[in-house]
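Here's a quick tour for anyone meeting this protein chain for the first time. Have a look at the model, then read on.

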Amino acid sequence: DKALKVFQTIVEKHPDSWNAHDSLAEGLATKGDKAAASAEYQKALALTKDPVQKKRIEGQIAKLK
């Protein structure tokens, strides 16, 4: 829970950072909140330009379905 609060604060401070959304998504997924994790991964996917990260994030989204 503490880590999620930290990640949420980082996202608030850096809303255009794909990495911030990715980290929050990972925390949410670990906690079992698939819907919120998927939404954060979607944001990360939209923000990253790195094809390797895009593929990894797409894989994470697929795992949540």
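Of the contacts in the protein chain with a separation of 6 or more, what share comes from residues 24 or more positions apart? Such residues account for 33% of those contacts. Keep in mind that what you're looking at is a predicted model.

As for the overall build, the protein chain has four helices and zero strands, so reading along the sequence gives you the pattern α-α-α-α. Its radius of gyration is 11 Å, close to the 11 Å that the globule rule gives for 65 residues, so the chain is as compact as a globular protein of that length.

Here are some whole-chain values:

| Property of the protein chain | Value |
|---|---|
| Box filled by the C-alpha atoms, along the principal axes | roughly 30 × 25 × 15 Å |
| Buried share of the 65 residues | 31% |
| Accessible surface | about 4400 Å² |
| Part of that surface belonging to carbon and sulfur atoms | 55% |

Now for the inside. The largest nonpolar core has 13 residues, and Leu24, Leu28, Tyr41, Ile57 and Ile61 touch the most other members. Which elements give two or more residues to this core? They are helix H1 (2-13), helix H2 (18-31), helix H3 (34-47) and helix H4 (51-64).

Let's zoom in on Ile61. Leaving aside neighbours within four places in sequence, Ile61 is in contact with Ser38, Tyr41, Gln42 and Leu45.

Last come the charges: there are 12 positive and 9 negative side chains, and the centres of the two sets lie 3 Å apart.

Key: Residues numbered from 1 in each chain as written. Predicted model: local features only at pLDDT ≥ 70, side-chain atom pairs only at ≥ 80, totals over all residues. Heavy atoms only, no water. Rg over C-alpha atoms; globule rule 2.2 N^0.38 Å. Buried < 20%, exposed > 50% of the residue type's maximum accessible area, 1.4 Å probe, protein only. Contact = heavy atoms within 4.5 Å. Areas by Shrake-Rupley, 256 points an atom, 1.4 Å probe, with all protein chains shown as cover. Lys, Arg positive; Asp, Glu negative; His and termini not counted. Charge placed at Lys NZ, Arg CZ, Asp CG, Glu CD. Core = buried A, V, L, I, M, F, W, Y, C linked by side-chain atoms within 4.5 Å.
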